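Please open the model in your viewer and keep the sequence alongside it. The tour moves from one selection to the next, and each stop says what to select and what is found there.

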Amino acid sequence: MANKNEKKEGPIDRGRLKFGARMRNYFLTGLVIAAPIGITLYITWAFIGWVDSNVKPYIPKVYNPDNYLPFSVPGVGLVFSIIILTILGFITANYVGRSMLTFGEVLVGRMPLIRNLYKALKQIFETALSQKGQTFRKAAVIEYPRRGLWALAFVATETTGEVAHRIEEHDEHSDNNEGYVSVFLPTTPNPTSGFLLFVPRNDVIMLKMGVEDAAKLVISAGLVSPDFITENASEEDKQKAIEKLEPTKAQRRRKKPASEPQKSVQEEKVD
């Protein structure tokens with residue numbers, strides 16, 4: 001009787017386990033889909049609220065729709081900020097605006113502490129927002145913090161000026177190096193903080209992945225790694241990688257039949 005009961009309960013238990021596994025997979029799938037969307041919406045909404053709270057008090061009552069509607073309109077402060085910044089850029093683009101900006105910079109340059117802060121912030125924003133800038137266009141790996149340990153870094157630019165000159169003076173192996181590179185080594189999971197390092201070019205290994213993929217790798221603490229196809233990989237591995245990156249195109253290529261000779265008009269009539 002015991003064996004019969006075990007046989008009867010076996011399929012039921014397996015069915016319950018399968019049902020529980022399916023529910024767990026459904027929950028994790030829903031979490032993977034909802035979490036990025038929810039976090040993105042939350043950060044966006046928080047940013048809009050922060051801008052509105054700081055800009056709306058300075059908007060004239062005539063142009064503030066909150067004074068005419070029974071509810072608060074989100075995003076009004078952000079829209080006014082974009083309009084004001086655009087107008088400011090238009091004004092400073094002509095001769096009068098540039099003259100006023102130059103005069104203001106001369107006044108700021110006479111202030112001991114403020115001038116240093118202003119020049120540093122201006123240089124950072126000009127470098128980060130410049131369309132011609134080549135900052136952080138490449139990702140690389142360097143040995144840090146000691147030999148045998150590798151860290152992901154972003155290549156900023158070539159090291160020049162006094163820093164490069166002083167390093168070459170004190171580096172015994174500077175003759176064998178091809179110059180120095182300024183790299184930014186981000187921290188995980190917050191890539192906005194990190195260290196500025198001046199590394200010999202020979203010790204920097206450039207990567208083929210883009211800066212965005214490298215940033216994802218840093219933020220995810222190595223969990224999200226971009227796909228990479230080596231030159232010596234087999235055709236099967238290359239095909240699998242292509243299907244993973246572009247499944248629709250790969251499926252179309254595979255399902256596409258071989259080119260057949262076109263039938264003549266007489267053969268079509270016969271068919």
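Begin by selecting Ala140, Ile142, Ala151, Ala153, Val155, Val181, Val183, Leu185, Leu197, Val199 and Val204, the eleven residues that make up the largest nonpolar core of this predicted model. If you colour by secondary structure, you will find that strand S1 (138-143), strand S2 (150-158), strand S3 (180-186) and strand S4 (194-200) each supply at least two residues of this core. A second core, separate from that one and made of seven residues, can be shown next, with Ala139, Val141, Leu152 and Ala214 among its members. As background to both selections, nonpolar side chains in soluble globular proteins tend to be buried together.

Now centre the view on Ala153, a member of the largest core, and display what surrounds this residue. Beyond its neighbours within four places in sequence, Ala153 is in contact with Lys138, Ala139, Ala140 and Ile142, and also with Val183, Phe184, Leu185 and Pro186.

Move next to Ser182, which belongs to strand S3. Is Ser182 buried or exposed? Its relative accessible area is 7%, so Ser182 counts as buried. The side chain of Ser182 makes a polar contact, at 2.8 Å, with the side chain of Thr159. When residues up to four places away in sequence are not counted, the residues that Ser182 touches include Phe154, Val155 and Ala156, as well as Leu196, Leu197 and Phe198.

The backbone deserves the next selections. Select Tyr144 and Pro145, which are joined by a cis peptide bond with omega of about 5°; Pro145 is located in the loop between S1 and S2. Then go to Thr188 and Pro189, where the peptide bond is again cis, with omega near 5°, and where Pro189 sits in the loop between S3 and S4. For context, most peptide bonds are trans, and most residues other than glycine have a negative phi.

With that in mind, select Ala221, a residue other than glycine whose phi is positive, near 60°. Ala221 lies in the loop between helix H6 (211-219) and helix H7 (235-245), and because its relative accessibility is 56%, Ala221 counts as exposed.

Finish at the surface by selecting Val62, Tyr63, Tyr68, Leu69 and Phe71, which form a nonpolar patch with about 590 Å² of accessible area together. Within this last selection, Phe71 is placed in the loop between helix H1 (2-55) and helix H2 (76-92).

Methods:
Residues are numbered from 1 along each chain as its sequence is written. This is a predicted model: local features need pLDDT of at least 70, side-chain atom pairs count only at pLDDT 80 or more; totals for chains, interfaces and linings use all residues. Side-chain values use heavy atoms; hydrogens and water are left out. A nonpolar core is a set of buried Ala, Val, Leu, Ile, Met, Phe, Trp, Tyr and Cys residues joined through side-chain atoms within 4.5 Å. Buried means under 20% relative accessible area, exposed over 50%, partly exposed in between (1.4 Å probe, protein chains only). Helices (H or I, at least four residues) and strands (E, at least two) are DSSP runs, numbered from the N terminus. Contact means heavy atoms within 4.5 Å. Patches are made of residues with over 30% relative accessible area and no salt bridge: like charges are joined within 9 Å, nonpolar side chains (Val, Leu, Ile, Met, Phe, Trp, Tyr) within 5 Å. Accessible areas come from the Shrake-Rupley method with a 1.4 Å probe; for residues, only the protein chains shown count as cover. A salt bridge is a side-chain nitrogen of Lys or Arg within 4 Å of a carboxyl oxygen of Asp or Glu. A polar contact is a pair of N or O atoms within 3.5 Å; within protein, one must be able to donate a hydrogen and the other to accept it, and residues adjacent in sequence count only if both atoms are side-chain atoms.
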